[in-house]
Amino acid sequence: MLTGCQSLIEQSYEPTIAPSSNPQIVDEVQKNDPRAQMGAREHPRIVASYGGEYKDAKTERLVARITGALTQVSENPNQSYRITILNSPAINAFALPGGYLYVTRGLLALADDASEVAAVLSHEMAHVTANHGIERQKKEEAEVIASRVVAEVLSSNIAGKQALARGKLRLAAFSRNQELQADVIGVRMLGEAGYDPYAAARFLDSMAAYARFTAVDPDADQSLDFLSSHPNAPQRVELARMHARAFGAEGAVGDRGRDYYLAGIDGLLYGDAPEEGYVRGQTFLHGKLGIRFDVPAGFQIDNKADAVLATGPGDVAIRFDGVADSRGQNLVNYISSGWVTGLRPDTIRSVSLNGLEAATARAAADRWEFDVTVVRIDKKIYRFLTAVPTGSPALEPTANTLRTSFRKLTPAEVESLKPLRVRVVTARPGDTVATLAGRMLGTDRKLDLFRLINAMTVTSTVRPGEKYKIIAE
């Protein structure tokens with residue numbers, strides 16, 4: 001009880017947050033100010049770590065419109081911001097000293113209207129306004145990321161994601177009090193910019209719903225997401241509502257900007273980027289590599305940055321990846337070159353799979369048995385590793401499904417591959433949550449995801465003439 005009282009007392013401060021007297025703006029980044037240069041130094045690393053910038057003129061105009069409205073009511077009228085949309089399905093937003101703001105396309109897909117994105121951006125702008133990034137840097141100087149990690153992140157998109165997943169980029173590690181300060185400034189900016197001031201509380205609720213959704217999915221990687229660095233709490237939601245009441249009653253004040261927001265994100269890329277391949281049910285397809293394969297029924301495919309993983313009943317697991325092979329080495333020799341633990345040399349066989357040169361072998365280690373299959377296409381060797389508990393009858397049928405289905409895509413198949421996108425549809429008479437959710441692609445939890453991206457509860461109903469988001473090609 002004492003802990004609870006302390007928590008409430010900590011949040012009952014007066015919202016008299018003053019802007020920094022020495023704000024760091026984009027125009028100053030090139031000057032000889034080490035604090036301002038921090039944002040410029042971090043920027044390339046952030047972009048590389050999150051898959052690059054997402055380029056779409058319509059979506060960029062939308063985000064710029066929201067940011068511009070907030071800038072006009074900032075405590076520092078001379079403060080300028082550089083907003084970057086990151087090409088990542090993760091749901092995140094953050095700020096760096098120097099006026100650098102970042103929002104992922106994943107967050108844009110989740111938000112229901114312009115005011116919710118404004119709530120996130122105003123919160124992050126508040127961190128810049130109050131120079132929280134500078135304060136954090138002073139306190140955590142010993143934890144500045146070493147140049148070795150910088151090089152690792154910039155070396156490739158995969159390395160960047162791995163570094164982030166290990167928590168080496170503490171982008172939003174602000175103190176609890178700093179987060180509350182940013183909430184207060186953000187809600188005030190929302191209301192003064194003419195947006196619905198209650199959007200901050202609404203989006204915090206959406207974040208909680210998103211956390212529940214991903215918690216049910218054991219393969220979901222939350223290391224890059226907003227909630228991993230922006231702790232949520234019911235008291236924080238109530239605090240946001242309390243400050244919003246200064247502008248009027250909920251539902252009676254401010255613009256949500258839903259129509260122009262939905263128009264701005266219609267067609268937004270959703271999920272994995274095309275260069276990482278596509279998962280469609282039990283099939284993995286990669287247009288750039290020109291390959292495809294199936295996993296058995298009941299298996300779940302997880303498309304990671306460095307490999308494709310799949311898990312199935314009975315603790316059966318599959319890993320698929322590729323390595324360069326400029327020397328054109330013999331595949332039998334390659335399997336026996338030492339990268340397979342517990343290899344049984346007498347099981348190595350040369351085979352042909354759908355006209356492709358290949359080789360297979362068996363291995364055993366601890367309580368597991370493995371099938372190893374390698375296939376050559378041009379100057380690349382593709383590798384399947386199937387693992388089952390010792391004695392499981394699933395090894396051969398599982399590996400056989402992979403082997404018989406692996407093949408090169410035809411030019412027509414490559415041309416027909418399309419990524420998943422956010423599509424905005426208008427409900428017609430007779431449409432229901434179930435019928436609209438039934439049009440969703442890319443998930444076996446269609447109903448849950450439809451409700452999540454449309455900020456609907458289990459009791460919400462579809463109204464004819466209203467616009468809704470679905471995920472489709």
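The exchange below goes through charged residues in a predicted model.

Colleague: What makes up the protein in terms of helices and strands, and how many of its residues count as buried?
Modeller: The protein has 17 helices and 16 strands. Of its 473 residues, 50% count as buried.

Colleague: Where is K469, and why is K469 said to have no salt bridge?
Modeller: K469 sits in strand β16, residues 467-472. The nearest side chain of opposite charge, D112, is 4.6 Å away from K469. A salt bridge needs a side-chain nitrogen of Lys or Arg within 4 Å of a carboxyl oxygen of Asp or Glu, so K469, with D112 at 4.6 Å, has none.

Colleague: What does the side chain of K469 have as polar partners in the backbone?
Modeller: A polar atom of the K469 side chain lies 2.7 Å from the backbone oxygen of A109. For the backbone oxygen of L110 the distance is 3.4 Å. The cut-off for a polar contact is 3.5 Å, and both values, 2.7 Å and 3.4 Å, fall within that cut-off. Beyond its neighbours within four places in sequence, K469 is in contact with residues including L262, I265, F450 and N454.

Colleague: Why is the pair E53 and K55 called a salt bridge, and is each residue exposed or partly exposed?
Modeller: The N to O distance between the side chains of E53 and K55 is 3.1 Å, which is within the 4 Å limit, so the pair qualifies. K55 has 60% relative accessibility and counts as exposed, because exposed means over 50%. E53, at 37%, is partly exposed, because that value lies between 20% and 50%.

Colleague: What makes R202 and D113 a link between separate parts of the chain?
Modeller: Their side chains meet in a salt bridge of 2.9 Å, N to O. R202 lies in helix α10 (residues 199-216) and D113 in the loop between α4 and α5, so the pair ties together parts 89 residues apart in sequence.

Colleague: How do you know that R202 and D113 are buried?
Modeller: The relative accessible area is 14% for R202 and 0% for D113. Buried means under 20%, so both residues qualify.

Colleague: Which strands hold D321 and R383, and are the two residues buried or exposed?
Modeller: D321 and R383 form a salt bridge of 2.9 Å, N to O. D321 is in strand β9 and R383 in strand β13, so this pair ties together parts 62 residues apart in sequence. Both residues are buried.

Colleague: What makes D113, E116, D196, R202 and R256 one network?
Modeller: Salt bridges that share partners join these residues. The count of salt bridges in the model comes to 25.

Key. Residues numbered from 1 in each chain as written. Predicted model: local features only at pLDDT ≥ 70, side-chain atom pairs only at ≥ 80, totals over all residues. Heavy atoms only, no water. Helix = DSSP H or I, 4+ residues; strand = E, 2+ residues; numbered from the N terminus. Buried < 20%, exposed > 50% of the residue type's maximum accessible area, 1.4 Å probe, protein only. Lys, Arg positive; Asp, Glu negative; His and termini not counted. Polar contact = N/O pair within 3.5 Å; in protein donor to acceptor, adjacent residues only side chain to side chain. Contact = heavy atoms within 4.5 Å.
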